[in-house]
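Visitor: I should be grateful for a close look at one part of this structure, followed outward to whatever it adjoins. Please choose a single residue as the point of departure and proceed in a connected manner.

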Amino acid sequence: MPQIDVFTEPPPKPADVPLRIYSNPICPYAQRVRLIAAAKKIRTEEINIHLKVKPEWYLEKINAVGKVPVIEHEGRVIRESLIAFDYIDEVFPGKSLWPTDPYHKALGKLVVNDFGTEFTGNYYKLAYGKGDENAAPAMVKYVQRLEGIVKAHEGGFLSGEDAPGAVDFLLWPWFERLGATKKLKPEIAALFPDDKFPVLYAWISRMRENSAVKESLLPDEAHEGFIKEAGDTGKHDYSYADRTGQGVTIYTRKE
């Protein structure tokens with residue numbers, strides 16, 4: 001089904017839905033929030049925002065920066081994926097996805113912090129042909145670190161438990177896209193051959209079987225199609241993210 005564009009502002013959040021997520025079906029940062037909501041089995045309403053042609057009401061009333069995700073809960077609006085993730089973890093019932101031990105929680109947050117400085121920035125540099133000589137070594141070094149963490153936990157999860165935790169979910173969106181990126185970017189494929197990181201690729205396979213991950217999981221072909229078309233034409237075609245065959249509703253503005 002094609003992308004379904006909506007040019008009007010959405011009605012207020014329904015009273016019986018505790019959490020509204022201003023999201024996007026392709027954005028990895030927005031996926032972080034959808035993952036924890038799914039893991040905690042929270043009933044949500046998703047308002048998908050076009051990331052290139054952003055609606056004026058969103059910029060004026062929700063997030064002047066224009067980014068996703070943003071969450072709305074009990075009249076409160078909270079932006080930024082890491083902050084929104086932790087808010088959901090603390091406010092909604094259920095076991096926390098972070099370790100209860102303060103030291104191990106701090107270690108986990110350092111892994112996530114370093115992911116932002118050592119992996120994602122360099123990932124986008126290489127993906128868009130803007131990488132410097134330090135980008136590839138920094139990414140490889142970080143992924144080797146992840147390989148060691150999973151191995152130290154006897155091949156389970158980055159959480160150190162028998163199920164994914166906060167660190168697993170916060171890093172997952174980029175590894176969901178790694179297969180597609182490797183197909184499109186040989187230079188990235190050369191950095192991460194399967195035989196060099198067997199423990200990490202086994203973790204990726206286990207993550208794909210998690211019920212929360214399955215709720216937002218897109219096949220490699222969908223990510224590959226979106227990335228290629230966006231790169232070739234500059235167009236964002238969110239129909240690639242149609243998981244139900246009923247189309248993808250996107251809030252945007254008329255150009």
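**A serine and its surroundings**

Guide: Glu 74 is exposed, because its relative accessible area is 59% and the cut-off for exposed is over 50%. This serves as a point of contrast for the serine to be examined. The model is a predicted one. Glu 74 is placed in the loop between β4 and β5 (76–79), and its phi is near 50 degrees, a positive value in a residue other than glycine.

The residue chosen for the close look is Ser 81, which belongs to helix α3 (residues 81–91). Is Ser 81 buried or exposed? Ser 81 has a relative accessible area of 6%, and it is therefore buried, the cut-off being under 20%. Leaving aside residues up to four places away in sequence, Ser 81 touches Tyr 29, Arg 32, Val 33 and Pro 69. With one of these neighbours there is also a polar contact: the side chains of Ser 81 and Arg 32 approach to 3.0 Å.

Pro 69, another neighbour of Ser 81, deserves separate attention. Pro 69 is located in the loop between α2 (56–62) and β4 (70–73). The peptide bond that leads from Val 68 to Pro 69 is cis, and its omega is near 5 degrees.

The view may now be widened from the serine to the helix that contains it. Two packed helices are described by the angle between their axes and the distance between the axes. For helix α1 (residues 28–39) and α3, the angle is about 5 degrees and the axes are 9 Å apart. Helix α1 is therefore roughly parallel to α3, since angles under 35 degrees are classed in that way. On the side of α1, the contact is made by Tyr 29, Arg 32, Val 33 and Ile 36; on the side of α3, by Ser 81, Leu 82, Ala 84, Phe 85, Ile 88 and Asp 89. By residue class, this contact between α1 and α3 comprises seven nonpolar residues, one polar and two charged. Ser 81 thus takes part in the contact between the helices as well as in the polar contact with Arg 32.

Beyond α1 lies another backbone feature. Lys 41 is situated in the loop between α1 and β3 (44–48) and has a positive phi of about 55 degrees, although it is not a glycine. Its relative accessibility of 69% places Lys 41 among exposed residues.

Charged pairs may be considered next. The count of salt bridges comes to 14. One of them joins the side chains of Glu 80 and Arg 79, with a distance of 3.2 Å from N to O. Glu 80 is partly exposed, at a relative accessible area of 37%, and Arg 79 is likewise classed as partly exposed, at 43%.

Another salt bridge brings together the side chains of Glu 161 and Lys 95, at 2.9 Å from N to O. This pair connects distant parts of the chain: Lys 95 is in the loop between α3 and α4 (102–127), Glu 161 is in the loop between α5 (135–152) and α6, and 66 residues separate them. Glu 161 is partly exposed at 40% relative accessibility, whereas Lys 95 is exposed at 61%.

A further salt bridge is formed by Arg 145 and Asp 114, whose closest N and O atoms are 2.7 Å apart. Because Arg 145 lies in helix α5 and Asp 114 in helix α4, the pair ties together parts that are 31 residues apart in sequence. Arg 145 is partly exposed, with 31% relative accessibility, while Asp 114 is buried, with 16%. Elsewhere, Arg 20, Glu 45 and Glu 72 are joined into one network by salt bridges that share partners.

A second helix pair may be set beside α1 and α3. The axes of helix α6 (residues 166–176) and helix α9 (residues 198–208) come within 11 Å and cross at roughly 100 degrees. Helix α6 is therefore roughly perpendicular to α9, as angles from 65 to 115 degrees are so classed. Helix α6 contributes Asp 168, Phe 169, Trp 172, Phe 175 and Glu 176 to the contact, and α9 contributes Leu 200, Trp 203, Ile 204, Met 207 and Arg 208. The contact of α6 with α9 comprises seven nonpolar residues, no polar and three charged.

Definitions and conventions. Residues are numbered from 1 along each chain as its sequence is written. This is a predicted model: local features need pLDDT of at least 70, side-chain atom pairs count only at pLDDT 80 or more; totals for chains, interfaces and linings use all residues. Side-chain values use heavy atoms; hydrogens and water are left out. Helices (H or I, at least four residues) and strands (E, at least two) are DSSP runs, numbered from the N terminus. Buried means under 20% relative accessible area, exposed over 50%, partly exposed in between (1.4 Å probe, protein chains only). A polar contact is a pair of N or O atoms within 3.5 Å; within protein, one must be able to donate a hydrogen and the other to accept it, and residues adjacent in sequence count only if both atoms are side-chain atoms. Contact means heavy atoms within 4.5 Å. Axes are lines fitted to C-alpha atoms, for helices over the stretch in contact, and angles run from 0 to 180 degrees between N-to-C directions. Angles under 35 degrees count as roughly parallel, over 145 as roughly antiparallel, 65 to 115 as roughly perpendicular and the rest as oblique. Ala, Val, Leu, Ile, Met, Phe, Trp, Tyr, Cys and Pro count as nonpolar, Asp, Glu, Lys and Arg as charged, and the others, Gly among them, as polar. A salt bridge is a side-chain nitrogen of Lys or Arg within 4 Å of a carboxyl oxygen of Asp or Glu.
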